Amino acid sequence: MKQITAIIKPFKLDEVREVLGELDVNGLTVTEVKGFGRQKGHTELYRGAEYVVDFLPKIRVDVVVPAERCDCIIEAIVNAAHTGKIGDGKIFVTNVEQVIRIRTGEIGRSAL
């Protein structure tokens, strides 16, 4: 099993969620996060004063999927989250050793 963590622009969340639903991804975790990469934040004007926004709002989407489905799910996330502009985000893939469903005690793939 693999955990796919995608850091995306907030307005792309609905598109990513829809495409994951079409691929029968049964569960996901969404977290509002802040960060910056190469874009290094930006400057905004508020009540006539200019200030630097160092950390930009992003959305973190986590899903755990069988390893054989990982590539098609990554491709779908990339296509749904892509704008072609700086700050589109990143995807991280990590191995998951074990999954346990707390309610039933199921272990492994059946716990997904």
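Good morning. A residue is called partly exposed when its relative accessible area lies between the limits for buried, under 20%, and exposed, over 50%. Arg 69 has 25% relative accessibility, and therefore it counts as partly exposed. The model before you is a predicted one, and I shall begin with the surroundings of this arginine.

Arg 69 sits in the loop that joins strand S5 to helix H2, the latter covering residues 70-81. Although Arg 69 and Met 1 are 68 residues apart along the chain, their C-alpha atoms are separated by 9.2 Å. Apart from its neighbours within four places in sequence, Arg 69 is in contact with Leu 23 and Asp 24.

That brings us to Asp 24. This aspartate belongs to the loop between helix H1, residues 13-22, and strand S2, residues 29-35. Is Asp 24 buried or exposed? Its relative accessible area is 56%, so Asp 24 is exposed. The backbone of Asp 24 also deserves a remark: its phi is near 60°, a positive value in a residue other than glycine. For context, most residues other than glycine have a negative phi.

I turn next to the cysteines. How many disulfides does the structure hold? The number is zero. Cys 70 takes part in no disulfide, and the nearest cysteine sulfur, belonging to Cys 72, is 8.5 Å away. Likewise, Cys 72 is in no disulfide, its nearest cysteine sulfur being that of Cys 70, at 8.5 Å. A disulfide requires two cysteine sulfur atoms within 2.5 Å, so a separation of 8.5 Å does not qualify. As for their exposure, Cys 70 counts as buried because its relative accessibility is 5%, whereas Cys 72, at 38%, counts as partly exposed.

Two further residues show how the start of the chain is placed. Thr 5 lies in strand S1 and is buried, with a relative accessible area of 9%. Its side chain makes a polar contact with the side chain of Gln 3, at 3.4 Å. Beyond its neighbours within four places in sequence, Thr 5 is in contact with Arg 60, Val 61 and Asp 62, and also with Lys 90, Ile 91 and Phe 92.

Lys 9 is located in the loop between strand S1, residues 2-8, and helix H1. Is this lysine buried or exposed? Lys 9 counts as buried, because its relative accessibility is 14%. A polar atom of the Lys 9 side chain lies 3.5 Å from the backbone oxygen of Ile 86. With neighbours within four places in sequence left aside, the contacts of Lys 9 are Lys 58, Thr 83, Lys 85, Ile 86, Gly 87 and Asp 88.

Finally, I come to the second largest pocket. Its space amounts to about 240 Å³. The lining consists of 15 residues, and those nearest the centre of the pocket are Val 25, Asn 26, Gly 27, Val 64 and Leu 112. Which strand gives the most to this lining? Strand S5, residues 56-65, does so, with four residues. By character, the lining residues divide into seven nonpolar, four polar and four charged.

To close, I would ask you to keep two points in view. Arg 69 is in contact with Asp 24, the residue whose phi is positive. Strand S5 contributes four residues to the lining of the second largest pocket. Thank you for your attention.

Technical notes. Residues are numbered from 1 along each chain as its sequence is written. This is a predicted model: local features need pLDDT of at least 70, side-chain atom pairs count only at pLDDT 80 or more; totals for chains, interfaces and linings use all residues. Side-chain values use heavy atoms; hydrogens and water are left out. On a 1 Å grid over the protein atoms alone, a cavity is a set of points where a 1.4 Å probe fits but cannot get out, and a pocket is an open set with protein on both sides within 12 Å along at least five of seven lines; lining residues have an atom within 4 Å of a point. Grid points are joined across faces, edges and corners, and a volume is the space filled by probe spheres set on the points. Helices (H or I, at least four residues) and strands (E, at least two) are DSSP runs, numbered from the N terminus. Ala, Val, Leu, Ile, Met, Phe, Trp, Tyr, Cys and Pro count as nonpolar, Asp, Glu, Lys and Arg as charged, and the others, Gly among them, as polar. Buried means under 20% relative accessible area, exposed over 50%, partly exposed in between (1.4 Å probe, protein chains only). A polar contact is a pair of N or O atoms within 3.5 Å; within protein, one must be able to donate a hydrogen and the other to accept it, and residues adjacent in sequence count only if both atoms are side-chain atoms. Contact means heavy atoms within 4.5 Å.
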